[in-house]
Amino acid sequence: MCNLYSLTKGQAAIIAIARAMRDTTGNLPALPGIFPDYMAPVVRNAPDGVRELAVLRWSMPGPPQFRGALSTNIRNTKSPHWRGWLKPANRCVVPFRSFCEYADTKPKETPTWFAFDDSRPLAFFAGIWTPWKGTRGSKAKPVEGENQLFGFLTTDANADVGAIHPKAMPVILTTPAEIEAWMSAPAEDALKLQRPLPDGALRVVARGRKDDPTPDHDVDAMLDSVIQR
């Protein structure tokens, strides 16, 4: 289960690659460590039909058998609980530059960060989102009323991630065509993207930190190189 990822810079690249027509985020800060229940950017199909870059809260309402526990990752897309959110209106893509899994080391687990290469090019998870009424946030700063929530899909781990976390890896979209298919194709076609990346596609870029010391790169260079693989 992926419960930590990183996004540092790249707002213009996110908008360009995911073809967002509206940006409601303002000036996005660097986010070297995004944890469950944090606010983070996604590109979604908004309620008015416009594709927009927006800031939502990470984790979806979980299945009732888990007493409403919130879910950051969605694996069983055949479940009736998730089926209603798999239509295009509730799909989103979640930008990231690296994601973390925890190696089972002693006495403490070791945070292990994955990316396509050491430059951590921008990429996207396949996600879903929904409005949700309730109370979120911390006890000190509760957020009551309607919250906008998101999560992303997982699948079988490839060899790279499986060496650290054998159970699953996030569903990662690697081309603009895959992003477009996830955002707009019928569910039966879009869900074909719920598959692991080929072995060797990812590498470990950092260990032992709960945030990722991502190298800085200018946006033009990112636009030239991002997910062109």
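Is R51 buried or exposed, and what is its relative accessible area? R51 is buried, at a relative accessible area of 12%. The close-ups below start with this residue and then visit other spots in the same predicted model.

**Figure 1. E180 and R51 form a salt bridge.**
Look for the closest N and O atoms of this pair, which are 3.0 Å apart. E180 belongs to helix α4 (residues 176-184) and R51 to strand β5 (residues 51-58), so the salt bridge ties together parts that are 129 residues apart in sequence. The two partners can be described by their accessibility: R51 is buried, while E180 is partly exposed, with a relative accessible area of 25%. If you are new to such pairs, it helps to know that side chains of opposite charge can pair when their charged atoms come close. The structure holds 13 salt bridges, and the next views show some more of them.

**Figure 2. D212 and R120 form a salt bridge between two loops.**
The closest N and O atoms of D212 and R120 are 3.0 Å apart. D212 sits in the loop between β16 (203-207) and α6 (219-225), and R120 in the loop between β11 (110-115) and β12 (123-137), so that the pair links distant parts of the chain, 92 residues apart. Both residues are buried, R120 with a relative accessibility of 5%. Take a moment for the backbone of R120 too: its phi is near 50°, a positive value in a residue other than glycine.

**Figure 3. R195 and E178 form a salt bridge at helix α4.**
Here the closest N and O atoms are 3.1 Å apart. E178 is in helix α4, and R195 is in the loop between α5 (187-190) and β16, 17 residues apart from its partner. R195 is partly exposed, with a relative accessible area of 21%, whereas E178 is buried at 17%.

**Figure 4. R22, R44, D48 and E52 are linked in a network of salt bridges.**
One member of this network, R44, has something else to show. The charged end of R44 sits over the ring of W129, 4.3 Å from the ring's centre. A similar theme appears at R91, whose charged end sits over the ring of W182, 5.3 Å from its centre.

**Figure 5. W58 and F152 form a stacked aromatic pair.**
How are these two rings arranged? Their centres are 5.5 Å apart and their planes meet at 20°, so the pair counts as stacked. W58 lies in strand β5 and F152 in strand β13 (residues 142-155), so this contact of rings ties together parts that are 94 residues apart in sequence. Both W58 and F152 are buried.

**Figure 6. F99 and F125 form an edge-to-face aromatic pair.**
Their ring centres are 6.1 Å apart, with 70° between the planes. F99 belongs to strand β10 (residues 98-103) and F125 to strand β12, so the pair ties together parts that are 26 residues apart in sequence. F99 is buried, and F125 is buried too. Step back and you can follow ring pairs through a cluster made of Y5, W58, F96, F99, F114, F125, F150 and F152. For the whole structure, the count comes to 12 aromatic pairs.

**Figure 7. C2 and C92 are cysteines without a disulfide partner.**
The structure holds 0 disulfides. For C2, the nearest cysteine sulfur is that of C100, 7.4 Å away. The sulfur of C92 is 14 Å from the closest cysteine sulfur, in C2, which is too far for a bond. C2 is buried, with a relative accessible area of 1%, and C92 is buried as well, at 0%.

**Figure 8. K106 and P107 are joined by a cis peptide bond.**
Omega for this bond is about 5°. P107 is placed in the loop between β10 and β11.

**Figure 9. S59 has a positive phi.**
Phi of S59 is near 140°, a positive value in a residue other than glycine. S59 lies in the loop between β5 and β6 (60-61), and S59 is buried, with a relative accessible area of 3%.

**Figure 10. Residues 217-229 have a pLDDT below 50.**
The mean pLDDT of the protein is 89, and 91% of its residues reach 70 or more. Over residues 217-229, though, the pLDDT is below 50. Beyond near neighbours in sequence, this stretch has 31 contacts in the model.

Key:
Residues are numbered from 1 along each chain as its sequence is written. This is a predicted model: local features need pLDDT of at least 70, side-chain atom pairs count only at pLDDT 80 or more; totals for chains, interfaces and linings use all residues. Side-chain values use heavy atoms; hydrogens and water are left out. pLDDT is the predictor's confidence in each residue, from 0 to 100. Contact means heavy atoms within 4.5 Å. A salt bridge is a side-chain nitrogen of Lys or Arg within 4 Å of a carboxyl oxygen of Asp or Glu. Helices (H or I, at least four residues) and strands (E, at least two) are DSSP runs, numbered from the N terminus. Buried means under 20% relative accessible area, exposed over 50%, partly exposed in between (1.4 Å probe, protein chains only). A disulfide is a pair of cysteine sulfur atoms within 2.5 Å. Rings of Phe, Tyr and Trp (its six-membered ring) pair if their centres lie within 6.5 Å; planes under 30 degrees apart count as stacked, over 60 as edge-to-face and the rest as tilted. A charge sits over a ring if NZ of Lys or CZ of Arg is within 6 Å of the ring centre and within 35 degrees of the ring normal.
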